[in-house]
Amino acid sequence: MHPTILATFFELSRTVVSTSSAGILLFLIALWAAKTDIARAGGLDKFVVFGNLCFAIPLAVFGAEHLSAARFIMFNVPSYMPWRLFWAYFVGFALLSTSLSIATKIQAHWSGLLFGIMMFLFVAMVHIPRVLASPGDRFAWTIVIREMSFAGGGWILVGNAMHGPGKSKLITVGRVLIAIAAIFFSVEHFLHPAACPGVPLEKLMPARIPGRLLIGYLTGAILLVAGASILLARKTRMAATYLGTWIVLLVLFIYGPILIVQMSDPSTAVKVEGINYFADTLLFAGAILALASATPRTD
């Protein structure tokens, strides 16, 4: 085998192992940290309690991916920036630190704030130029909206952890960003119901999934109703709780089986794709559940 191909194989295989291990480890840490809150919560509030867990696990996965595949990820760093490899590693360590902070709620206000700023910079420096280069590419727009909802989730975590006049402003900004994402994604689901639900990108739901078009349309309807309610600040906690719960169920029963199938594929690229889709959608659920947690029960 050619040395370059062999090196690439081991590089990406290490990525699969490291991302999976990081996700499992953070799941255990976050579960242990939230055990008291889980025991006290009842009904759908148990899903709300899992908000930090849903937010932290994907960050650990992406952090491990940056560290194990830095020489590939560095090409996503804008060419005008010096030390592109350094920034790939830096972001990896930053994501791992943030995941631990959010999972354990230790200094979560700082980690959430910095994570939100980082996502905003990614949008401005990486994703907006791609949209401007191909304004008709709906997937490029979806990624921009998705990343901004992630930033909003980080700022909601900050607002939920702090006390003072800035608390409501941060939560409001995050609420609006999540509402925009929900409404945008709902339109995409109505136009392309066969796409994998939640965050509609290129991947389609496998034909073996029964009622996949129904799932797509139903997800679009839930996103639309919940997104409008969140945007108008009417029954925000209830809307975010139901929407976040639905996205978590999609992760478990749609993306989970897809991930299992793709992990059994001999192609490392297919494995990494399955991990990324699973983690992306889980992070979107975490941002929504963070909003539910940050909204008073009297809403």
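These exercises work through the nonpolar core, salt bridges, surface patch and selected helix residues of a predicted model.

Residues are numbered from 1 along each chain as its sequence is written, and side-chain values use heavy atoms, with hydrogens and water left out. Because the model is predicted, local features need pLDDT of at least 70 and side-chain atom pairs count only at pLDDT 80 or more, while totals for chains, interfaces and linings use all residues.

**Exercise 1. The core**

Task: Find which residues touch the most other members of the largest nonpolar core, and which helix gives the most to this core.

Solution.
Step 1. A nonpolar core is a set of buried Ala, Val, Leu, Ile, Met, Phe, Trp, Tyr and Cys residues joined through side-chain atoms within 4.5 Å. Buried means under 20% relative accessible area, exposed means over 50%, and partly exposed lies in between (1.4 Å probe, protein chains only).
Step 2. The largest such core has 76 residues, and Phe55, Phe115, Ile254 and Phe284 touch the most other members.
Step 3. Helix H12 (residues 268-294) gives the most to this core, contributing 15 residues. Helices are DSSP runs (H or I, at least four residues), numbered from the N terminus.
Step 4. Take Ile254 as a case. Contact means heavy atoms within 4.5 Å. Not counting residues up to four places away in sequence, Ile254 touches Pro197, Met205, Ile209, Ile215 and Leu249.
Step 5. In soluble globular proteins, nonpolar side chains tend to be buried together.

**Exercise 2. A salt bridge between a helix and a loop**

Task: Locate the partners of the salt bridge between Asp37 and Lys105, and state how covered each is.

Solution.
Step 1. A salt bridge is a side-chain nitrogen of Lys or Arg within 4 Å of a carboxyl oxygen of Asp or Glu. The whole structure holds six of them.
Step 2. In the pair Asp37 and Lys105, the closest N and O atoms are 3.3 Å apart.
Step 3. The pair links distant parts of the chain, 68 residues apart: Asp37 is in helix H2 (residues 35-40), and Lys105 is in the loop between helix H6 (84-104) and helix H7 (108-133).
Step 4. Asp37 has a relative accessible area of 28% and is therefore partly exposed. Lys105, at 51%, counts as exposed.

**Exercise 3. A salt-bridge network**

Task: Trace the salt bridges of Arg146 with Glu147 and with Asp280, and decide whether each partner is buried or exposed.

Solution.
Step 1. The side chains of Arg146 and Glu147 meet in a salt bridge at 2.9 Å, N to O.
Step 2. Arg146 also forms a salt bridge with Asp280, with the closest N and O atoms 3.0 Å apart. This pair links helix H8 (residues 138-161), which holds Arg146, to helix H12, which holds Asp280, across 134 residues.
Step 3. Salt bridges that share partners join Arg146, Glu147 and Asp280 into one network.
Step 4. Compare the relative accessibilities with the cut-off. Glu147 is buried at 7%, Arg146 is buried at 9%, and Asp280 is buried at 14%.
Step 5. Side chains of opposite charge can pair when their charged atoms come close.

**Exercise 4. The surface patch**

Task: List the residues of the nonpolar patch on the surface and name the helix with the largest share.

Solution.
Step 1. Patches are made of residues with over 30% relative accessible area and no salt bridge; like charges are joined within 9 Å, and nonpolar side chains (Val, Leu, Ile, Met, Phe, Trp, Tyr) within 5 Å.
Step 2. Phe190, Leu213, Tyr217, Leu224 and Val225 form the patch, with about 450 Å² of accessible area together. Accessible areas come from the Shrake-Rupley method with a 1.4 Å probe; for residues, only the protein chains shown count as cover.
Step 3. Helix H10 (residues 212-231) supplies the largest share, four residues.
Step 4. Val225 is in helix H10 and is exposed, with a relative accessible area of 60%.

**Exercise 5. Covered residues in helix H10**

Task: Describe the cover and contacts of Gly216 and Ser229.

Solution.
Step 1. Gly216 lies in helix H10 and is buried at 0% relative accessible area.
Step 2. Leaving out residues up to four places away in sequence, Gly216 touches His189, Pro193 and Met205.
Step 3. Ser229 also lies in helix H10, and its 15% relative accessibility counts as buried.
Step 4. With the sequence exclusion of up to four places, Ser229 touches Arg234, Lys235, Thr236 and Ala239.

Terms used: Helices (H or I, at least four residues) and strands (E, at least two) are DSSP runs, numbered from the N terminus.
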